[in-house]
Every structure is written in C-alpha cells, then in structure tokens.
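Biologist: I'd like a close look at one part of this model: the empty space inside and around it, and what lines it. I'm in my first year, so please take it step by step.

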Amino acid sequence: MSVGSRSSGKQLRLKLENLVSTHPDCRINVDFEGISVVSSGFADEFLGRLFVRMGALRFMSTIRPRTVSPEVRALLDRAIVQRVQWEARND
C-alpha cells in the first residue's frame with residue numbers, strides 16, 4: 001500500500017471505518033513499522049478525516065498508532081490539526 005497518495009489514504013480510512021463500525025468496542029492498532037514518511041494528502045485522508053468523523057475522544061480511545069517514527073508522527077499530528085481547523089472554518 002502506498003502512503004504517498006490521497007486515494008490510498010481514503011482506501012485505508014474506509015477500511016478502518018468499516019472495522020470500527022463492525023467492532024465498536026475494540027481498540028485498533030495501526031502499525032507504521034517500516035514507514036519513514038507519508039504524504040500530507042495521505043495523512044489527511046487517512047487520519048485527519050477519521051479524527052473529525054469519530055470525534056477526539058472516540059478516536060483517541062479506539063485508534064492506537066504503533067511503531068510510528070517521530071517524523072511520521074509529526075506529519076500525522078499536523079494533518080489532524082489542519083483538518084480540524086479546516087472543518088471549523090467551513091462549518
């Protein structure tokens with residue numbers, strides 16, 4: 001799976017949303033082992049939109065990123081912050 005495209009981020013998000021909806025009480029580990037960089041589009045489509053759709057509390061209690069390099073974590077965090085800001089401005 002590519003982590004460089006918005007479309008691959010969307011595909012992964014949809015799979016994760018389906019998993020969350022069929023197993024609402026589970027915690028889901030998302031393993032980033034071996035991934036040293038992700039595109040901003042991928043990060044936004046995958047976790048940025050997921051964070052907004054689920055809400056902060058549910059997201060943080062359900063989704064568990066694992067084996068994330070500091071660089072990738074910074075990109076994911078930034079994508080979530082930017083998505084939340086964008087949604088707030090366009091609400």
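Modeller: Let's start with the cavity, then go to the pocket and the packing around them.

First, a bit of housekeeping: this is a predicted model, in which local features need pLDDT of at least 70 and side-chain atom pairs count only at pLDDT 80 or more, while totals for chains, interfaces and linings use all residues. Residues are numbered from 1 along each chain as its sequence is written, and side-chain values use heavy atoms, leaving out hydrogens and water.

There is one cavity of 30 Å³ or more, and its volume is about 40 Å³. (On a 1 Å grid over the protein atoms alone, a cavity is where a 1.4 Å probe fits but cannot get out; a pocket is an open set with protein on both sides within 12 Å along at least five of seven lines; lining residues have an atom within 4 Å of a point. Points join across faces, edges and corners, and volume is the space filled by probe spheres set on them.)

Who sits around that cavity? Look for Ser 40, Ala 43, Leu 75, Arg 78, Ala 79 and Gln 82. Helices H2 (40-54) and H4 (70-89) each bring at least two of the lining residues, and H4 has the largest share, with four. (Helices, H or I, of at least four residues and strands, E, of at least two are DSSP runs numbered from the N terminus.) By class, you get three nonpolar, two polar and one charged. (Ala, Val, Leu, Ile, Met, Phe, Trp, Tyr, Cys and Pro count as nonpolar, Asp, Glu, Lys and Arg as charged, the others, Gly among them, as polar.)

Val 38 ties in nicely here. This residue is in the loop between E1 and H2 and counts as buried, because its relative accessibility is 5%. (Buried is under 20% relative accessible area, exposed over 50%, partly exposed in between, with a 1.4 Å probe and protein chains only.) Val 38 and the cavity-lining Leu 75 are 37 residues apart in sequence, yet their C-alpha atoms are 7.3 Å apart. Beyond residues up to four places away in sequence, Val 38 touches Val 3, Ala 43, Val 72, Leu 75 and Leu 76. (Contact means heavy atoms within 4.5 Å.)

Now for the largest pocket, which has a volume of about 150 Å³. Its lining includes Leu 47, Phe 59, Ile 63, Arg 64, Arg 73, Leu 76 and Asp 77. Helix H3 (56-62), strand E2 (63-66) and H4 are the elements giving two or more residues to it. H4 gives the most, four residues. There are eight nonpolar residues, three charged ones and no polar ones in this lining.

Leu 47, Phe 59, Ile 63 and Leu 76 line that pocket, and they turn up again in the largest nonpolar core: of its 21 residues, these four and Phe 32 touch the most other members. (A nonpolar core is a set of buried Ala, Val, Leu, Ile, Met, Phe, Trp, Tyr and Cys residues joined through side-chain atoms within 4.5 Å.) H1 (6-22), E1 (28-31), H2 and H4 each supply at least two core residues, and H2 has the largest share, seven. Zoom in on Ile 63: leaving out residues up to four places away in sequence, it touches Leu 16, Val 20, Ile 28, Val 30, Leu 50 and Met 54.

One last stop: Thr 67, in the loop between E2 and H4. Thr 67 has a positive phi of about 50° although it isn't a glycine, and it counts as partly exposed at 47% relative accessibility.
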